[in-house]
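Q: I'd like to learn how to read the pockets in a model like this one. Can we go through it step by step?

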Amino acid sequence: MKSHMPADPRRSSGRITFPDAFLWGTATAAYQIEGAYQEDGKGVSVWDTYCNDLGLARGASGNVAIDHYHRYPDDVALLAAMGVQSYRFSIAWTRILPDGTGAINQAGIDFYNRLINELIGAGIEPVITLYHWDLPQALADRGGWRNRASVEWFAEYAAIAFNAFGDRVTKWITFNEPYVNLMMLGAFIRAATDPSVAMPVSPTDIAGELMADQAIEVHHWLLAHARAVQTHRSLALAGDIGITLSIHPAYPANDTDADRAAVHIIDGLHNRWFLDPVLTGEYPADILDLYSAKADLGILDGDMALIAEHRADFLGVNYYSPAFVTADPAAPMFGVSTLPNTDEQPAFNGPVYPEGLYDLLTRIDADYGHPTMYITENGAGFGPVDDTLSDGAVNDTLRQDYITSHLEQAHRAIEDGVDLRGYFVWSCFDNFEWVFGYANRFGLIHVDFDTQQRTWKDSAFMYQRYIRDNGF
Ligand code: BGC
């Protein structure tokens, strides 16, 4: 499995052409790019607190980030020049509802109206993520996602956004990556903020107890997602609404029964726990048993019916890397663990394995009744070896290979009948990478974080050609 080398676009044979309606996009999230953290009535979000009060991002913060709040017209012009057809961004809940619920801040609505209109004016379709991790601090103070009332807080916020922007925005994503935010990153944040929780050694070493405990919050996200879908439909707005999940296809490290069984568990923890409720309305029974033995998940009568009844129109898939899994009775995550990344040029987000994208797309297609899908994030950062600005250029060969080889696999899946409608590179700009601060760059466009100068990397020129030719 691990012998794979990323495909080299210059070696690929034959032309690849995507379907005519295939949507070429890029993606960002509010806290990672906007800055202006105290401007125009914005409230405080948990990420403002994590960075400014708790120092969770190595002393960095999104206070300024890439100053997109002020520079959005220039940034949209850059996207237009690249030929990008669709732009996925998230709304900062605290710009619109500074306290999370209650009084609306019109200046926040106005900002997103300006951004949306700028995009549409440039011929770029806006795709909105309602929640990319920046919960209003006022709601965190009321228990955050642990409080079941969060379901209705979110429904209220979603309704305001639908009413304000739904006349022009026809693709909505409720949540970004429940697994990464609540279970992976969530475990580190809980350990950093709660002295009774031990800090995990690595993301694969998170205790099963903690995951089960966090599943309560996942359940509230899924209910909130269903309520938002229900609200969107009740408003009879044009367009579609979906959710974005991070999918980690899992493979046995060794060809043994024990490792194959471990794969089934990891696949359950990372993937099926989210795919099953979103696409079938039920939690997978095996993982439900594991979690229920450790925590009361707070699943009430009627919850699963609500989730089943209000299913998404499409699934957003974020894919970065697979998991190579081994059984390890001593491992705190239900006796399973994943191998460390041994790639020669390691990417920030795990082993590079483009075939994983093909495998996950065809698997979801087969197991979940041929859903409509978009790849809402895919991309890479490899550090200075690939990302150094020199003489006004960034020769990011590894990123180009990464994007090209993953597009090849996406195309293969389409050829095999998967209903894949578009692809969004993460990310158009270098930006604030959560707990890693500004150390990890993912952009097609280089940003000098001191001067805010934007410079096209070679990958941006490549992506421009791919969009222009609808393939390569
Ligand atoms: C997240 C992004 C993040 C990216 C790169 C995804 O899990 O949605 O916010 O920047 O990965 O690490």
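A: Sure, residue classes come first: Ala, Val, Leu, Ile, Met, Phe, Trp, Tyr, Cys and Pro count as nonpolar, Asp, Glu, Lys and Arg as charged, and the others, Gly among them, as polar. This is a predicted model, where local features need pLDDT of at least 70, side-chain atom pairs count only at pLDDT 80 or more, and totals for chains, interfaces and linings use all residues. Residues are numbered from 1 along each chain as its sequence is written, and side-chain values use heavy atoms, with hydrogens and water left out.

Q: How many residues of each class are in the lining of the second largest pocket?

A: Eleven are nonpolar, eight polar and four charged. A pocket is an open set of points on a 1 Å grid over the protein atoms alone, where a 1.4 Å probe fits, with protein on both sides within 12 Å along at least five of seven lines; lining residues have an atom within 4 Å of a point.

Q: What volume does the second largest pocket have?

A: About 470 Å³, a volume being the space filled by probe spheres set on the points, which are joined across faces, edges and corners. Of its 23 lining residues, Val46, Tyr50, Ile189, Arg190 and Glu217 are closest to the centre.

Q: Which element gives the largest share of that second lining?

A: Helix 8, with six residues. Helices (H or I, at least four residues) and strands (E, at least two) are DSSP runs, numbered from the N terminus.

Q: And how much space lies in the largest pocket?

A: About 1100 Å³. Among its 42 lining residues, Met184, Pro203, Phe348, Asn349 and Gly350 are closest to the centre. Helix 8 again gives the largest share, five residues.
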